[in-house]
Amino acid sequence: MSAFVDVVVIGAGAAGLASVQALTAGGLTSVVLEADSHVGGRAYTEIMPDGTPFDLGCHWMHSASLNPFVETADALGVRYQRREGYGLSAFYRNDRWLNDAEVAAGFQAMEAREAAVAAAWSQGRDQSVLDTVEREDPWTEYLDYFDTLNTSSDVDQISIGDLISYHDTEENWPVVDGYGTLVSRWGAHVPVSLNTAATAVSWGQSGVTVETARGQIQAKCAVITVSTGVLSSSDIRFVPELPPEKQAAIAALPLGNYNRIRLEIDRHVFPDDLAERVVVERPGYPPMQISLGAYGFNCAIGHVAGRYADWLEQAGTAASRETVIEALCHVFGNDLRAEVKSDRQSAWRGNSFIRGAYSTSAPGQFHQRSMLAQPVADRLFFCGEATSTDHFCTCHGARITGERVAREIQLVLVDKP
Ligand SMILES: Cc1cc2nc3c(=O)[nH]c(=O)nc-3n(C[C@H](O)[C@H](O)[C@H](O)COP(=O)(O)OP(=O)(O)OC[C@H]3O[C@@H](n4cnc5c(N)ncnc54)[C@H](O)[C@@H]3O)c2cc1C
């Protein structure tokens, strides 16, 4: 492989696919390199043996009225559900279901928490969630878990800037056919060189050269879409090294972890009138949200995040499966164990092309999202979820940053005299 093009795009996730589509529409030539054997990156749907889709990564079209993937899904006939919030949850704590008044107290605790975060931020304090919120409320452990699911990091590792700045319209619409299916169908016409990892990027006044095991690509500039987990590893060597301020931004936006553990189990095992999701709190374990038989599929999906997800991923698939089964047995009784047929799990930390789930601003570092988004010498252009300042950690956020980078390149390569 060897080529000379206007732009070389590294990574074919939502950001990379968006950037190349916009670059092509603007008349620029490009090559897209993707290390993995499929496009989509963290948008990845696997079809289970019973034919049902399972999203290992993104599943919800967040902030739906601002989310360009809604229109794409409509155009492609990909099925999704319109909802307010996330739909109904039931809470099981201290060996019983919580009643409506107790759950209402949980919403009040959440509002108080949001107010504390907003107050600290308005005083100019970029600090951790841990240092900002009430620690003694009965709901603290659950609300910590909720923040950890949303950011993939534990509350001592999250800047309150991430909670404040995320643009949430509270419309979270699940993609029934799979968000990964949606992204791969949207990008299906984009020519991508699969199984082609970029190993080195040389950049300077004359342009950019990207090395791969299959040859070299020369271009006027490069779009870097890989995760901050990949950027902080030595997988891609930059020659010369990235400027110190860029390296500092990468280090300040590490990936946390978030895994989905799916058990194949007949949905009729669960009571018909139960909410679609249960949150199980039991002594000695972090809370766990488990989706039950969503969309009529025969499965239960446990959601684990933060350090606990890392710990479970390292403990292995048998331990992870057991953790979800135990949580279910705690609520529904031990007979349930015999109903579990098989399991499938994500393992994002161990995925060497991603190295975690999504980016978190470390306390004091929220401003680094803007820094990461800055181009270097009009040669290296950065996009991907971590570079968004209001839709970070999301698939549509990644897409929007890919479109932003294409505009930046258009200005440099086409519109400048
Ligand atoms: C468990 C989980 C749940 C999530 N849930 C949601 C959700 O419900 N809704 C939502 O909106 N978002 C969700 N997200 C986040 C969302 O999936 C991501 O923010 C988004 O997909 C990131 O897209 P990206 O293009 O920035 O990065 P990526 O998808 O990581 O794309 C980067 C690409 O670069 C490739 N690459 C890496 N190294 C190289 C190399 N050396 N050379 C060439 N290519 C390389 C990778 O293989 C990858 O394909 C979730 C993520 C996870 C992990």
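**Ligand shell, domains, cores and odd backbone angles**

Reader: How many residues of the shell around the ligand are nonpolar, and how many are polar or charged?
Author: This is a predicted model. In it, 42 residues surround the ligand. By class, the shell has 6 charged, 13 polar and 23 nonpolar residues.

Reader: Which residues are closest to the ligand, and which elements each supply at least two residues of the shell?
Author: The closest residues are Gly11, Gly13, Gly41, Cys58 and Gly384. The elements that each supply at least two shell residues are α1 (14-25), β13 (258-264) and α12 (395-415).

Reader: How is the chain divided, and what distance separates the centres of domain 1 and domain 2?
Author: Domain 1 covers 2-62 + 69-78 + 176-255 + 360-415, and domain 2 covers 86-169 + 258-345. The contact between them takes 20 residues from domain 1 and 20 residues from domain 2. On the side of domain 1 that touches domain 2, the residues divide into 10 nonpolar, 7 polar and 3 charged. Taken over C-alpha atoms, the centres of the two domains are separated by 29 Å.

Reader: Which residues of the largest nonpolar core touch the most other members?
Author: Nonpolar side chains tend to be buried together in soluble globular proteins. The largest nonpolar core here has 104 residues, and those touching the most other members are Val8, Ile10, Ala222, Ile290 and Phe381.

Reader: From which domains does this core draw at least three residues each, and which residues belong to another core apart from it?
Author: The largest core draws at least three residues from each of domain 1 and domain 2. The other core, apart from the largest one, has 7 residues, among them Val117, Val129, Val133 and Leu163.

Reader: Leaving aside neighbours within four places in sequence, which residues is Ile10 in contact with?
Author: Ile10 is one of the members of the largest core that touch the most others. Beyond its sequence neighbours within four places, Ile10 is in contact with Leu33, Ala198, Val210, Ala222, Val223, Ile224, Thr225 and Val226.

Reader: Within what arc do the buried residues of α9 fall, and what covers them?
Author: In α9 (residues 306-315), the buried residues are Gly306, Ala309, Asp310, Leu312 and Glu313. Seen down the axis of α9, these fall within an arc of 170°, so they line one face of the helix. Gln314 and Ala315, on the other side of α9, are exposed. What covers the buried residues includes α4, β13, β16 (299-305) and α10 (317-332).

Reader: What phi does Gly316 take?
Author: Gly316 comes just after α9. Its phi is positive, about 110°.

Reader: Is Arg135 buried or exposed?
Author: Arg135 lies in the loop between α3 (100-122) and α4 (140-151). A residue with 12 or fewer other C-beta atoms within 10 Å is exposed. Because Arg135 has 10 such neighbours inside 10 Å, it counts as exposed.

Reader: What are the phi values of Tyr295 and Asp378?
Author: Tyr295 is found in the loop between β15 (288-292) and β16, while Asp378 sits in the loop between α11 (368-373) and β18 (380-382). Tyr295 is partly exposed, with 15 other C-beta atoms within 10 Å, and Asp378, with 15 C-beta neighbours inside 10 Å, counts as partly exposed. Phi is positive in each, near 60° for Tyr295 and for Asp378 near 55°.

Reader: What is the omega of the peptide bond from Val239 to Pro240?
Author: Pro240 is in the loop between β12 (237-239) and α8 (244-252). The bond from Val239 to Pro240 is cis, with omega near -5°.

Key:
Residues numbered from 1 in each chain as written. Predicted model: local features only at pLDDT ≥ 70, side-chain atom pairs only at ≥ 80, totals over all residues. Helix = DSSP H or I, 4+ residues; strand = E, 2+ residues; numbered from the N terminus. Buried ≥ 20, exposed ≤ 12 C-beta atoms within 10 Å, placed from the backbone. Near = placed C-beta within 6 Å. Nonpolar A, V, L, I, M, F, W, Y, C, P; charged D, E, K, R; others polar. Arc of directions from axis to C-beta. Contact = placed C-beta atoms within 7 Å. Core = buried A, V, L, I, M, F, W, Y, C linked by C-beta atoms within 7 Å. Domains from an automatic or database assignment.
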